[in-house]
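Me: I would like to go through this model and ask what stands behind each label. Keep the replies short.

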Amino acid sequence: MRLLKLAHIDTLTLNVFSWAALQPSEDTYCFGKLDKIMELAKRHGMKVCLATSTGAHPAWMARKYPEILRTDFYGRRHKFGARHNSCPNSPVYRKFSVQLASKLAERYQAYDNIVAWHISNEYGGECYCENCEKAFREWLKKRYGALEEVNRAWNTSFWGHTFYDWEEIVLPDQRSEHIDEEHTVAQAISLDYRRFNSDSILECFRLEYDAVKEYTPGIPVTTNLMGAYKPLDYMKWGKYLDFISWDNYPSNEDSVSQIAMNHDLMRGVGGNKPFVLMEQTPSQQNWQPFNALKRPGVMRLWSYQAVAHGSDAVMFFQMKRSIGSCEKYHGAVISHAGHEHTRVFRECAALGAELEKLGGEILGSTVQAEAAILFDWENWWAADYSAGPSVDLKYHDEVLNYYTALHRQNIPVDLVCEEDDFSKYKLLAAPVMYMTKPGADERIREFVEKGGTFVTTFFSGYVDENDLVILGGYPGRLRDVLGVWVEEIDALPPHKKNRFSYQGQAYEAKLLCDIMHLEGAQALAGYEEDFYAGSPVVSRNSYGQGQAYYVGTRSGEDFYQKLMADICKEQQIQPAAKAPEGVEVTRRVRGQEEYLFFLNHGEGNACFEIPRDGLELLTGKACRKGEVMELEAKGVAVLKNC
Ligand code: GAL
């Protein structure tokens, strides 16, 4: 408690992996130790984010009820061990986890310092056991009603897969439809399994959610998400969390844009409301191949980066290094030395003091963007499962390319899903929008008709929600709004490239090259090599009052930056502020109040012109428009307007 106070830490996440301690046998619960900790926290004025501990089941439970153990992709039923190890469809797991959540809520409901419930921990993974198989059939019955409809949606006439009885349906894994974890011969089945698995785990969350709400209806409930975590459809999950919290564990090699995109994605999952940085390491991880230290200043910089993108809290894993098991060398606020005289502690304490000084100032303000990028989990699964045209085609990479282009120009971006309201954006980019779900094309058409700018790429508009090809030519239902027809798609191996010129500058065409015909669109660039030299590669179509761009190949960062810069200029989409290379700028807004965050990710000092009069909140200095601000390497400035 002394050290926590020294570090200006005011909120504790407690009880994350305590199930075995809280329930030593089926009929015994022991809350004594937690009672003491809760009392201690309260006495010291600490707020508590109370976890339900259901992220790892006790050994006795696994022994007595082996059905709670997961069966992996290879069909191996696991023994007791590790964590995040419970079958999401095990009725026994569901019963005991809900019971524990309920008991915790009942017991601690009177603690007014509980600021949030933290259900389980980093939900994830998958299970292929018999319970899941049964549950999958039930899930399919709900989704499709009749077996004929399943056969149609899955195109089971291919390779003689027609099902005549629900019981014939098995889970798609290494023993059935899969070549390996990433490659399947039955995309539609594997896609539905992904949906089902995400829904099954979500159901576990929801059951515990209801259990704690029964006693503590006023306490917000979350679970810690993991950024662009592929197995769970967070866009769907986001609707069931009271607020989003997530764990940010980049490696030192990740680009600034990559980290920023994760924050924006997490904000997007929660409907662009403020979120919480639930975990980050103060120094290093233990699970990367090379666990480099965060260099001096980087923990502070990355903490402010989270805030700059919409976080209302900065939290850490972990407070104190443990003495045993795999996380004993994971970074912690308190090292094995056990005292405060360490670089890491000093940095945490300095940040804590600074955040305390900021107080509630920034809380509740939001990021407001004029540009949005579509990020869709079902599309992610479907595009990456596709057998052909290229093994190197990865949905997330393509989204990141467009995100990076905007982010590096300090253009605020929202990550949105198909159901979000597009009308508030000037620009909507949907790289590799492979899947067009029902109604999506109409919403895009309406967006463009009313003056929006839409950008999409190769491998878009191909299939419906069941991975069934939309017939009549690519890009399917997006063909009219884009004004192009893609006849063929060439996949280039990594060492091959084509070229094109755009606005007098030469750029690379890689990965995939669409061979397309213009159907009303205007060519902005054409290929320069191969048998399709001269045919268009980038096009723009005027549709209603708006524009729809089609980029028929993967190019380099230089091209994406140029294209996005041109579009933003034309649509008058402004950067948060102008800043030199390496300085990230974001803006949070609350009513008339605006906060500009300047984050110098570079290795040297950066100088830039202050864009308006204001108050720099971290130093308390008044700033005048036009003056030059010098920000040291890894430095942060937060400028409030006045
Ligand atoms: C998170 C997890 C923590 C801890 C941390 C280590 O994934 O929630 O419990 O394991 O990673 O980086």
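Me: Which residues have the most contacts inside the largest nonpolar core, and how many residues does that core have?
Reply: This is a predicted model. Its largest nonpolar core has 161 residues. Trp 237, Phe 375 and Phe 454 have the most contacts inside that core.

Me: What is Phe 454 in contact with, leaving aside neighbours within four places in sequence?
Reply: Phe 454 is in contact with Leu 428, Ala 430, Met 433, Ile 444, Phe 447, Val 448 and Leu 482. Gln 547, Ala 548 and Tyr 549 are on its list too. Contact here requires heavy atoms within 4.5 Å.

Me: Which residues does the second, separate core include?
Reply: That core has 24 residues, including Leu 147, Val 150, Trp 154 and Leu 171. What makes a set of residues a core is burial plus a link: buried nonpolar residues joined through side-chain atoms within 4.5 Å.

Me: Why are α6 and α8 called roughly perpendicular?
Reply: Helix α6 covers residues 130-144, and helix α8 covers residues 187-215. They pack at an angle of about 100°. The class roughly perpendicular takes 65 to 115 degrees. The angle falls in that range, so α6 and α8 are roughly perpendicular to each other. Their axes are 10 Å apart.

Me: Which residues of α6 and α8 meet?
Reply: From α6 come Cys 132, Ala 135, Phe 136, Trp 139, Leu 140, Arg 143 and Tyr 144. From α8 come Ile 189, Asp 192, Tyr 193, Arg 195, Phe 196 and Asp 199. By class, the contact has nine nonpolar, no polar and four charged residues.

Me: What makes the pair α10 and α11 oblique?
Reply: Helix α10 (residues 256-269) packs with α11 at an angle of about 40°. Roughly parallel would need an angle under 35 degrees, and roughly perpendicular starts at 65. The angle fits neither class, so α10 and α11 are oblique to each other. Their axes are 9 Å apart, and α10 passes α11 in a right-handed crossing.

Me: Which residues make the contact of α10 and α11?
Reply: α10 brings Val 256, Ile 259, Ala 260 and His 263. α11 brings Trp 302, Gln 305 and Ala 306. The contact divides into five nonpolar, two polar and no charged residues.

Me: How do α11 and α12 cross, and at roughly what angle?
Reply: The axes of α11 (residues 298-308) and α12 (residues 343-358) come within 9 Å and cross at roughly 35°. α11 passes α12 in a right-handed crossing. Met 299, Arg 300, Ser 303 and Tyr 304 of α11 make the contact with Glu 347, Cys 348, Leu 351, Glu 354, Leu 355 and Leu 358 of α12. Those residues divide into six nonpolar, one polar and three charged.

Me: How do you know whether Ser 97 is buried or exposed?
Reply: Ser 97 has a relative accessible area of 3%. Buried means under 20%. The value is under that limit, so Ser 97 is buried. Its place is in helix α5. Not counting residues up to four places away in sequence, Ser 97 touches Trp 19, Thr 54 and Glu 208.

Me: Why is His 78 called partly exposed?
Reply: The relative accessible area of His 78 is 39%. Buried needs under 20%, and exposed needs over 50%. The value lies in between, so His 78 is partly exposed. His 78 lies in the loop between α4 (59-64) and α5 (91-108). Not counting residues up to four places away in sequence, His 78 touches Leu 69, Arg 70 and Asp 72.

Me: What is notable about phi at Glu 122, and is this residue buried or exposed?
Reply: Glu 122 has a positive phi of about 35° although it is not a glycine. Its relative accessible area is 13%. The cut-off for buried is under 20%, so Glu 122 is buried. Glu 122 is found in the loop between β3 (114-118) and α6.

Me: Which peptide bonds to Pro 389 and Pro 475 are cis?
Reply: The bond from Gly 388 to Pro 389 is cis, with omega near 5°. The bond from Tyr 474 to Pro 475 is cis, with omega near -5°. Pro 389 lies in the loop between α13 (377-385) and α14 (395-407). Pro 475 lies in the loop between β14 (453-457) and α16 (479-482).

How values were computed
Residues numbered from 1 in each chain as written. Predicted model: local features only at pLDDT ≥ 70, side-chain atom pairs only at ≥ 80, totals over all residues. Heavy atoms only, no water. Axes fitted to C-alpha atoms, helices over the stretch in contact; angles between N-to-C directions. Helix = DSSP H or I, 4+ residues; strand = E, 2+ residues; numbered from the N terminus. Left-handed = near helix turned anticlockwise from the far one by under 90°. Nonpolar A, V, L, I, M, F, W, Y, C, P; charged D, E, K, R; others polar. Buried < 20%, exposed > 50% of the residue type's maximum accessible area, 1.4 Å probe, protein only. Parallel < 35°, antiparallel > 145°, perpendicular 65-115°, else oblique.
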